[in-house]
Amino acid sequence: MCGIVGGISSAGTVLQHLIEGLRVLEYRGYDSCGVAVAEGGAVTVRRKVGRLSELERVLSDGALAGARAGIGHTRWATHGKPSDENAHPHSDGSGRLALVHNGIIENYLELRRELLAEGRVFHSETDTEVLTLLVGREYERGRSLGDSVRAALARVRGYYAIAVISTGKNPELVGARHGPPLVVARTKDGAWLASDVLALLPHTREVTYVEDGEVVELSPGRIVITDLAGLPIERAPRRVDWDAEAAGKGGFAHHMLKEIFEQPDVLARTAFDRIAQVHGDVSFEGEGWQDERLARVQRVQVIACGTALHAGMIARYLIEGLARVPVDFDFASEFRYRGPCLVPGTMALAITQSGETADTLAALRLARDLGAFPASICNVIGSTVVRESGAVILTHAGPEIGVASTKAFTAQVVAAFLLAVRLARARGTLDEAQGRSLLDDLRRLRPRMEGLLTEATVDKVRRIAERHLHAKGFFFLGRGVNYPVALEGALKLKEISYVHAEGYAAGEMKHGPIALIEPGMPIVVLSSPGVVQDKVRSNIEQVKARGGHVIVIGADREALALADESIEVPEAIEWLSPILNVIPLQLLAYHHALGRGCDIDKPRNLAKSVTVE
Ligand code: M6R
């Protein structure tokens, strides 16, 4: 979703840093971009619809290269189409102030009417321009930029992270947050802000997360945090353990491919330090995961979106299967508005890579307000979901840059498996020996994942993908714990290849969707040894009888023998088979998209982290 960067320095120029910061944020998805710098007593704005390279073209005259303070933005359109006029930064018309914004100003129409009545002029269709003019009106009254921002925000309803730059005697840079994330960092001669910690890593790994209702005033080497009333707030910076290199492509053609190949290491990072092998148990950081609390859990309510929800659906099979605790799952966006009834003793489990997805966060808050204990599985330390959870399992997957989630999904499933074992051990549904055996199985998965990620498999998947490049649509079928994997396979293909793909429970096909099967249609079926393997074989026969072209992925040899094409996956216990089966699906989507010439890491219309409703 939209990205914000900003910087002020006494020792060097900032424009190049802003551009590099925006480049780091490109992965989040955007349709226009821009910068504003304060120089020579004026604030100058340059913005462009399209990619960052377009903006760089208009900046190549070098006119802004000497500036020592500035802000930048990548916009993912919400109010008003992608255009030069709607791109951020917005200026208040005075030439002294500009603002960038992530989020939504809900009362913008009423504020716009008020500003129009005063004779103020708008140049865009955005809600952001309203906020810019409000700040500008306060600034005209002679207030400092910090005071102007605080006064303007007092009039606003909605969600925002903003950065504002002004120039009076000295340039001023101010940020504020209510909802979407904002992080700040200071260096000896500078101060920097961004909506994503990755954009700050080239400057420092010591960062401070801005909280809701806070305003930050940045000057070279100094950051002052206040609340909306101007009262100072002290907060020590935190050290981020990601480095800038982790966010690079590491020699791979795309971030997505690199992230697919990282998965064996991600399994180790998510799990291995937490396995207490002698006790057949798992140890998580924090008191929320101790026996006493877990013994009280009556129900788990998973809330998540997209890929993370698929991991949550797998969590249901694992937790119900191993710990015998009932689990419900909901799209976070549905949970919020269905008037949920939560029983006493509910643990609300938010699953989210970013920890900033607006729907997931709001659903977690709602569940907490309804009396549930808020817990989460999350990849980003310091994110809002992490900070608002009573207990957290950090997945340690490292930065995920590809918009199509791969390694974060695997890490979420691994974390869910660990949680299921921990719950089961705390509640006595697994004994020590059973726990040990399951955790051994998990450890043994790493070499099997490595064995799957070979040139031979990649080549085989690529050939299958290329054979079906012009297919009108795909079905992905699975049952049991591999049903959510089928949904995930279909989502991956839709996201990056723009081909219609439907994930379905294999046993449900005969109740309607089987009518869609035409001769030659690719039907990807997941089949692993376990309770439903015979059933899946029958489902394969039903599809074949209608002329479907069956591609079987899994470790069930008999099912593989029925297939028109197949990818054999190493065997694992059924609970863990999703972690292996998803890999060929990720590679299938990748090579299909590559063959169709799609922009794999930045698919159209998508944002990495959806921070608006
Ligand atoms: O950051 P989150 O895990 O909360 O994001 C949730 C979804 O937006 C995300 O999984 C999305 O579906 C991905 N693009 C899937 O590849």
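The exercises below concern the ligand and the empty spaces in a predicted model.

In this predicted model, local features need pLDDT of at least 70 and side-chain atom pairs count only at pLDDT 80 or more, while totals for chains, interfaces and linings use all residues. Residues are numbered from 1 along each chain as its sequence is written, and side-chain values use heavy atoms, with hydrogens and water left out.

**Exercise 1. Describe the residues that surround the ligand.**

Step 1. Taking a residue as near the ligand if one of its heavy atoms lies within 4 Å of it, we find 13 residues around the ligand, the closest being Thr 352, Gln 353, Ser 354, Thr 357 and Glu 495.

Step 2. Sorted by class (Ala, Val, Leu, Ile, Met, Phe, Trp, Tyr, Cys and Pro count as nonpolar, Asp, Glu, Lys and Arg as charged, and the others, Gly among them, as polar), the shell holds four nonpolar, seven polar and two charged residues.

**Exercise 2. Find polar contacts of the ligand, and state how much of its area the protein buries.**

Step 1. A polar contact here is a pair of N or O atoms within 3.5 Å. A polar side-chain atom of Glu 495 lies 2.6 Å from a nitrogen atom of the ligand, and a polar side-chain atom of Thr 352 is 2.7 Å from a ligand oxygen atom, whereas Thr 307 offers a polar backbone atom at 3.2 Å from an oxygen atom of the ligand.

Step 2. By the Shrake-Rupley method with a 1.4 Å probe, the ligand taken alone exposes 410 Å², of which the protein buries 91%.

**Exercise 3. Locate the ligand among the pockets, and describe the pocket that holds it.**

Step 1. On a 1 Å grid over the protein atoms alone, a pocket is an open set of points with protein on both sides within 12 Å along at least five of seven lines, a cavity is a set where a 1.4 Å probe fits but cannot get out, and lining residues have an atom within 4 Å of a point.

Step 2. The ligand sits in the largest pocket (more than half of its atoms lie within 2 Å of the grid points), and this pocket has a volume of about 720 Å³.

Step 3. Of the 35 residues that line the largest pocket, Cys 305, Gly 306, Thr 307, Leu 491 and Glu 495 lie nearest its centre.

**Exercise 4. Characterise the largest cavity.**

Step 1. The largest cavity holds about 250 Å³ of space.

Step 2. Its lining comprises 24 residues, with Arg 28, Asp 196, Ser 354, Glu 356 and Val 380 nearest the centre; by class, eleven are nonpolar, six polar and seven charged.

Definitions and conventions
A polar contact is a pair of N or O atoms within 3.5 Å; within protein, one must be able to donate a hydrogen and the other to accept it, and residues adjacent in sequence count only if both atoms are side-chain atoms. Grid points are joined across faces, edges and corners, and a volume is the space filled by probe spheres set on the points.
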